[in-house]
Amino acid sequence: MPETHATPTSLRSTTRRQLLEILAPRRLRILVIAVTILAGAGLELVPPLVLKQVVDNHLTPGIPQGLWVLAFLYLASVAGVQALGFLTSYLTALTAQSALNDLRVRLYRHLQHLPIRYYDQNPLGDIISRCTADVDTVDTLFSSGVAGLVTDLIRLVTVSIAMIALSPTLALISVFVVPPLLWITHAFRLRIRDAERKNRIAVGLLNTHLQETFGGVEVIRAFGREPVIVARFRRVLEKTLKAYNLSARYSALYTPIMQILMAIAITLLLWGGAQAGLQAIQISLGTLTAFVLLFKRFFDPITSLGEEWQTVQSALSGAERIFQVLDLPVEEEALTTSETSRRPAGGIRVSDLTFGYF
């Protein structure tokens with residue numbers, strides 16, 4: 001049975017809907033994960049604000065009293081962020097593996113009930129790839145992709161609010177770097193999505209070729225077709241390499257570009273903070289220090305969003321291939337009720353049967 005072709009938009013919508021159906025029975029655990037993410041994002045704002053107090057109230061005037069209390073608060077907040085991060089990762093992994101277990105069982109059971117013509121019309125290597133490599137990409141989506149995206153979005157919101165509350169003037173200066181950030185992220189998002197889809201297709205073709213080759217290696221060697229098979233494998237491997245390199249190129253370019261933009265923005269903030277005009281509106285050294293630290297924390301989620309988006313796109317491409325199989329109708333029962341009623345009761349009776357050898 002050939003697979004039905006759908007538009008990319010409808011396919012992505014169906015994929016998201018089915019992924020949500022898989023996660024639906026785990027609502028309570030997902031709620032706990034959301035609470036830990038929110039708590040971690042809020043606690044992450046404490047260290048820069050503590051450093052502001054250290055610089056303005058102790059280092060600048062030269063007052064050592066109270067530094068130990070602030071140092072302990074800094075240490076406790078950092079430890080709390082790491083503890084909440086561990087709890088989030090652990091609960092996310094438990095939820096992901098539970099969902100993946102159900103998905104694997106569902107896919108395997110569905111493959112057992114598909115018509116025989118499906119296996120005649122689809123390469124066995126591609127079917128195996130959907131059960132292994134594509135499921136692994138969905139594992140990445142559940143265990144790190146979605147959780148990373150949600151965490152980065154929440155961090156982005158909380159840090160933005162803290163930056164505006166700390167210094168609206170510096171926040172206004174940092175706004176100028178947002179348009180190029182959004183443009184770069186959008187451009188990479190579109191290209192990464194297409195590259196990852198091509199990459200998953202290429203991996204499926206490679207697995208198909210390997211399965212068919214090793215399954216018929218006796219015939220290949222008997223007819224001396226090794227050079228032809230090797231040449232065909234090189235062509236398939238070349239397509240796979242090009243698809244992977246295209247995806248890796250976008251991933252390798254994104255992070256350095258974002259880091260350069262972050263360095264330029266921090267340079268502008270430090271330069272602006274040193275000007276007499278900003279000193280006149282009472283932006284202290286501690287405020288500038290805390291704002292630069294917050295701005296770096298603002299930039300890190302944006303960079304991570306692009307990296308996590310690549311992971312999510314790769315996983316969604318694999319999930320699309322899985323749900324294409326799960327959407328195929330299963331084979332109907334071979335016998336109807338009337339045919340079953342005509343079957344003789346008690347099985348088939350055999351009598352006076354002899355075997356001979358010549």
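Buried means under 20% relative accessible area, exposed means over 50%, and partly exposed is the range in between. With that cut-off in hand, Arg297 at 22% counts as partly exposed, and the same yardstick serves in the views that follow. The model shown here is predicted.

**Figure 1. Overview of an all-helical chain.** The protein has 14 helices and zero strands, so from the N terminus on every element in its run is an α. Of its 358 residues, 40% count as buried. The accessible surface comes to about 21300 Å², and carbon and sulfur atoms hold 66% of that area. If you like contact maps, here is a handy number: among contacts with a separation of 6 or more, 88% join residues 24 or more positions apart.**Figure 2. The largest nonpolar core.** This core holds 59 residues, and Leu103, Val138, Phe142, Phe295 and Phe299 touch the most other members. Helices that each supply at least two residues of the core are H1 (8–23), H4 (67–112), H7 (133–166), H8 (168–174), H9 (178–215), H11 (226–273) and H13 (285–326). H13 gives the most, with 18 residues. Apart from this core lies another one, of five residues, including Ile33, Ile37, Leu91 and Ile154. As general background, nonpolar side chains in soluble globular proteins tend to be buried together.

**Figure 3. Close-up of Phe295.** Phe295 is one of the residues that touch the most other members of the largest nonpolar core. Leaving out residues up to four places away in sequence, Phe295 touches Met163, Ser174, Val177, Met262, Ala265, Ile266 and Leu269.

**Figure 4. Close-up of Phe291.** Phe291 is found in helix H13. Its relative accessible area is 0%, and Phe291 is therefore classed as buried. With residues up to four places away in sequence set aside, Phe291 touches Met163, Leu166, Ser167, Leu170, Ala171, Ser174 and Leu269. For a distance to check in your viewer, try Phe291 and Leu270: their C-alpha atoms are 9.9 Å apart in space, and the two residues are 21 apart in sequence.

**Figure 5. A salt bridge between Arg297 and Glu44.** The side chains of Arg297 and Glu44 meet in a salt bridge, with an N to O distance of 3.5 Å. Arg297 lies in helix H13 and Glu44 in the loop between H2 and helix H3 (46–59), so this pair ties together parts that are 253 residues apart in sequence. The two partners fall into separate burial classes: Arg297 is partly exposed at 22% relative accessible area, whereas Glu44, at 13%, counts as buried. In general terms, side chains of opposite charge can pair when their charged atoms come close.

**Figure 6. The network around Arg155 and Asp152.** Arg155 forms a salt bridge with Asp152, and the closest N and O atoms are 3.7 Å apart. These two residues sit three apart in helix H7, which means about one helical turn separates Arg155 and Asp152. Both Arg155 and Asp152 are buried. Widen the view and the previous figure joins in: Glu44, Asp152, Arg155 and Arg297 are linked in a network of salt bridges.

**Figure 7. A salt bridge within helix H3.** A search of the whole structure finds six salt bridges, and the pair shown here is Lys52 with Asp56, whose side chains meet at 3.5 Å, N to O. Lys52 and Asp56 are four residues apart in helix H3, so they are separated by about one helical turn. Lys52 has a relative accessible area of 18% and therefore counts as buried.

**Figure 8. Close-up of His209.** His209 is found in helix H9. At a relative accessible area of 5%, His209 is buried. Not counting residues up to four places away in sequence, the neighbours that His209 touches are Ile229, Arg232, Phe233 and Val236.

**Figure 9. A nonpolar patch on the surface.** Leu28, Leu31, Val32 and Val35 make a nonpolar surface patch of about 380 Å². Val35 lies in helix H2, which covers residues 27–43. The relative accessible area of Val35 is 48%, so Val35 is partly exposed.

Technical notes:
Residues are numbered from 1 along each chain as its sequence is written. This is a predicted model: local features need pLDDT of at least 70, side-chain atom pairs count only at pLDDT 80 or more; totals for chains, interfaces and linings use all residues. Side-chain values use heavy atoms; hydrogens and water are left out. A nonpolar core is a set of buried Ala, Val, Leu, Ile, Met, Phe, Trp, Tyr and Cys residues joined through side-chain atoms within 4.5 Å. Buried means under 20% relative accessible area, exposed over 50%, partly exposed in between (1.4 Å probe, protein chains only). Contact means heavy atoms within 4.5 Å. Patches are made of residues with over 30% relative accessible area and no salt bridge: like charges are joined within 9 Å, nonpolar side chains (Val, Leu, Ile, Met, Phe, Trp, Tyr) within 5 Å. Accessible areas come from the Shrake-Rupley method with a 1.4 Å probe; for residues, only the protein chains shown count as cover. A salt bridge is a side-chain nitrogen of Lys or Arg within 4 Å of a carboxyl oxygen of Asp or Glu.
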